Amino acid sequence: AAVKKIAVLPGDGIGPEVMDVAVKVLDKVAAKYGVSFEKEFADVGGIAIDNHGTPLPESTLSLCKASDAILFGSVGGPKWESLPPEQQPERGALLPLRKIFGLYANLRPAIIFPALTGASTLKEECISGGLDILIVRELTGGIYFGQPKGREDKPERKAFDTLVYSESEIARIARVAFEAAMKRNKKLCSIDKANVLTTSVLWREVVLEVAKDYPQVELSHMYVDNAAMQLVRNPKQFDVILADNMFGDILSDEAAMLTGSLGMLPSASIAESAFGLYEPSGGSAPDIAGQGIANPIAQILSAAMMLKFSFGMIEASDDIEAAVRKTLDQNFRTGDIFSEGMTRVNTVQMGEKIIANL
Ligand code: NAD
Ligand code: IPM
Ligand code: MN
């Protein structure tokens, strides 16, 4: 098989710590399956500002363009928060990468591994038997990218963002969600705020039109405020959740906590081609960075999603997931998912246990 080229962008905070582990997992997969990955590392985010004066250096971007996929850590942190907003790691690197590569579909699977039902903040009966929700988040439109965006300082300070969606943007992400639902339990809940926002009225209209092509999928609509509540009241009612850029951002952090920790939630940012960007749903975790205690599982599962979606390596991808599951069954826990009676491990040790189970 052709060698797959991966742009590895660890970024800031816990990014490099968990990326180290994910890369070792990929090495093990390569050895086990007799394939090879060409991994090339580059700076992105705060570290790139420090080393190159810009969060997305030309050299990093051209590496991404020359690669089959991007494995991304996380960017941002207190050190760069006082820079002008457009020059900060998040708005200067991560959002442009998503936009430049047209990665409009962000898949965030919130899965509770059986061994972790105790780590969820929800009562055991709410999640008994496990939980498996897929959040499909629109990633290149909405209020994140709408124009105009800016601020004025007179007569008083004023700032504005624009929430705009076109029918084609809504239809293509809706299709991704319906297709995903078809492969799962055929239940889709579309999130909006159609009682207030005009974009949401259009969102609902277009989702209903796309639904005509998927008569087998049971479609429902829910206001985002109610959805936030329902997710913690009875998460099992959800199968696939479809949301715009901002609602999907917020609900996916909430869903992550159902699984025990933000450090468990991977993500895939994809489009029509095989190219994709894979990153944990969480951030650089400045509160624990540098201590070697971050949970590497979200990064490892993001690498597994890369194997599945960009490289078509379904078996290897499932293999990684099974190794994670087994390691949790063996009661190894990083601090974020630790509970009494479990064996506490650090980032590197968690990686070693998972690799041993591969
Ligand atoms: P965060 O996701 O970094 O952290 C929120 C909480 O979750 C923290 O308590 C953190 O310790 C915990 N956490 C997250 N990942 C963890 C892991 N793997 N293991 C254990 N605990 C984990 O969110 P924040 O604190 O709001 O943001 C910090 C910085 O990260 C900001 O600069 C933000 O913009 C950035 N950020 C980047 C990305 C990204 O690069 N994709 C995503 C979200 C936030
Ligand atoms: C995420 C993050 C990003 C987002 C930030 C860092 C720009 O929170 O990937 O969820 O809001 O999309
Ligand atoms: Mn987020």
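**Close-up views of two ligand shells and two helix pairs**

Across the protein chain, pLDDT averages 96, and 100% of the residues score at least 70. Keep in mind that this is a predicted model. Its scores are ipTM 0.97 and pTM 0.97.

**View 1. The shell around ligand 1.** Zooming in on ligand 1, you'll find 23 residues surrounding it. The closest are G76, G263, G282, G283 and N295. Sorted by class, the shell around ligand 1 comes out as 10 nonpolar, 9 polar and 4 charged residues.

**View 2. The shell around ligand 2.** Here the cast is E90, L94, L95, D249, S281 and G283, which surround ligand 2. Helix α4, covering residues 89-100, gives the most to this shell, with 3 residues. The class split in the shell around ligand 2 is 2 nonpolar, 2 polar and 2 charged. If G283 rings a bell, that's because G283 is listed here around ligand 2 and also among the closest residues to ligand 1.

**View 3. Helix α1 alongside helix α12.** This view pairs α1 (residues 15-33) with α12 (residues 347-356), whose axes come within 9 Å. The two axes cross at roughly 15 degrees; angles under 35 degrees count as roughly parallel, so α1 and α12 are roughly parallel to each other. The crossing of α1 past α12 is right-handed. On the α1 side, look for E17, V18, V21, K24, V25 and K28; they meet T347, V348, G351, I354 and I355 from α12. Taken by class, the residues of this contact are 6 nonpolar, 2 polar and 3 charged.

**View 4. Helix α6 crossing helix α7.** Now for α6 (residues 167-183) and α7 (residues 198-211): their axes come within 9 Å and cross at roughly 50 degrees. That angle makes α6 and α7 oblique to each other. As in View 3, the handedness is worth a look: α6 passes α7 in a right-handed crossing. From α6, the residues to pick out are E167, I170, A171, A174, R175 and F178. Their partners in α7 are L202, W203, V206, V207 and V210. The contact of α6 with α7 has 9 nonpolar residues and 2 charged ones, with no polar residues.

Methods
Residues numbered from 1 in each chain as written. Chains lettered and ligands numbered in written order. Predicted model: local features only at pLDDT ≥ 70, side-chain atom pairs only at ≥ 80, totals over all residues. Near = placed C-beta within 6 Å. Helix = DSSP H or I, 4+ residues; strand = E, 2+ residues; numbered from the N terminus. Nonpolar A, V, L, I, M, F, W, Y, C, P; charged D, E, K, R; others polar. pLDDT = per-residue confidence, 0-100. Axes fitted to C-alpha atoms, helices over the stretch in contact; angles between N-to-C directions. Parallel < 35°, antiparallel > 145°, perpendicular 65-115°, else oblique. Left-handed = near helix turned anticlockwise from the far one by under 90°. Contact = placed C-beta atoms within 7 Å.
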